[in-house]
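Let's take a walk through this structure together, one region at a time. Keep the viewer open as you read.

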Amino acid sequence: MVSCGMTSSHIVGAGHLVNGIGRDSCDAITISSPGKLNVFLEVRGKRPDGYHELETVMLRISLADQLSVRRNDTGTLSLRLSDATPEAIRAGIPLDGRNLILKAAEAIRLRLHDRVGAEFILHKRIPPESGLGGGSGNAAAALILCRELWNSPLSDGELHKIASSIGSDVNFLLSGHRAAVCRGRGEIIESIPVSRRLHFVAFRPRQGNCTTDVFRETRLPAELRSSADVVRHLEGQGQGRLSPLMFNRLTEAAQRMNPEMTTLMNRLQHIVRRPVFMSGSGSTVFVVAEDSLDAATVLQTVRTLLKRTGWILEC
Ligand code: C5P
């Protein structure tokens, strides 16, 4: 197990990062790379750097990729997908320098001042452009693996600084927190102590959403919503259900841009008779389930009526 206490100035709150790392007989090291679900997302304004100021509540979910790495002596960095990665998502995953895994590895290597090499194998389950943070989680996993592989003396704070330069969601997934309120671009994180197990059922339309486009098309609100009630609910305070407190400001723009997603949301709402939400910038949409039995029932109903597969996501 590798432990990463949070000491960086851009990390708020007293969390800690714990990730299980496995080693095999060929000296490959492997780590699980979970995704995230946004149960609240408000866009608080546009920043001078072109990004948007966010207030979002992210949950680490049970749906995860798996990333393995082994050292090589040629000084190159390479990445391939596992043979078991589903055909349907292979095409959307770049295996060159655009992939955040290689960006993360290169960022660590630069700080080592050494041309060490590494071969990554990614077993991908989380589709790209789905709003589930698959690529960001892969970057977080790569940072942890490279520090271990190359015996880098980088501190947790330094790892978090690199994370924030790679993408807005990387810090949350690097932190290992189960849930957090994330502010700034998304990189300022405050852990939420979640009081119970949470269950969701999620579906992804065929068409993904481009995050940049969704942010660009989002109209800034006249009145800001606050995550306070969602946070209180997750902490076990307050009565009632979670879903009436949930919200995602990016939904309207994403619905205008992805009619297939809008239709799916409407159909789901009609079938399961409960509010349907979008995670991040989409295009994954989801509903809240009462427990694991309810989640299985919802998944089965949608499978039968809409001929769609989905995921039960737990947090
Ligand atoms: O940080 P990340 O690379 O994941 O962001 C992808 C794109 O989403 C950015 O290039 C930006 O257009 C948009 N974005 C934003 N404000 C944020 C996060 C992302 O405008 N807080």
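**The ligand and its surroundings**

A nitrogen atom of the ligand sits 3.0 Å from a polar backbone atom of Arg-185. Bear in mind as you look that this is a predicted model. On its own, the ligand has 450 Å² of accessible area, and the protein covers 76% of that.

Two side chains also come up to oxygen atoms of the ligand. In His-52, a side-chain N or O atom is 2.7 Å from a ligand oxygen. In Ser-168, a polar atom of the side chain is 2.5 Å from an oxygen atom of the ligand. Which residues are around the ligand altogether? They are Tyr-51, His-52, Leu-54, Gly-167, Ser-168, Arg-185, Thr-211, Thr-212 and Phe-215.

Now let's turn to the helices. Helix 3 covers residues 134-149 and helix 4 covers residues 156-166; their axes come within 10 Å and cross at roughly 145°. This crossing is right-handed. From helix 3, the residues making the contact are Ala-139, Leu-143 and Arg-147, while helix 4 contributes Asp-156, Leu-159, Ile-162, Ala-163 and Ile-166.

Helix 3 has a meeting with helix 2 (residues 100-112) as well: the two axes come within 8 Å and cross at roughly 35°. Here too the crossing is right-handed. On the helix 2 side you will find Leu-100, Ile-101, Ala-104, Ala-105 and Ile-108. They meet a set of helix 3 residues that includes Ala-139, Leu-143 and Arg-147, and these three are also in the contact with helix 4. Other members of the set in helix 3 are Gly-135, Ser-136, Asn-138, Ala-142 and Cys-146.

Just look along the chain to the loop between strand 7 (117-123) and helix 3, where Glu-129 has its place. Glu-129 is not a glycine, yet its phi is positive, at about 50°.

Next comes a sheet. Four strands form an open sheet in the order 12-13-10-14, with antiparallel pairing. Why is one side of strand 12 and of strand 14 left without a neighbour in the sheet? Strand 12 (277-278) and strand 14 (311-314) stand at the edges and have a single partner strand each, so one side of each stays free of a neighbour there.

Strand 12 is joined by two bridges to strand 13 (residues 285-289), and the two run antiparallel. Within this pair, Met-278 stands opposite Val-285 of strand 13. Helix 10 (residues 292-306) packs on the sheet and touches strand 10, strand 13 and strand 14, with its direction at about 15° to that of strand 10. Helix 9 (residues 259-272) lies across strand 10 (199-203), strand 12 and strand 13, and runs at about 20° to strand 13.

One last stop is the loop between strand 12 and strand 13, where Ser-283 is found. The peptide bond that joins Gly-282 and Ser-283 is cis, with omega about 15°.

Notes: Residues numbered from 1 in each chain as written. Predicted model: local features only at pLDDT ≥ 70, side-chain atom pairs only at ≥ 80, totals over all residues. Heavy atoms only, no water. Pairing = 2+ DSSP bridges. Contact = heavy atoms within 4.5 Å. Axes fitted to C-alpha atoms, helices over the stretch in contact; angles between N-to-C directions. Near = heavy atom within 4 Å. Polar contact = N/O pair within 3.5 Å; in protein donor to acceptor, adjacent residues only side chain to side chain. Areas by Shrake-Rupley, 256 points an atom, 1.4 Å probe, with all protein chains shown as cover. Left-handed = near helix turned anticlockwise from the far one by under 90°.
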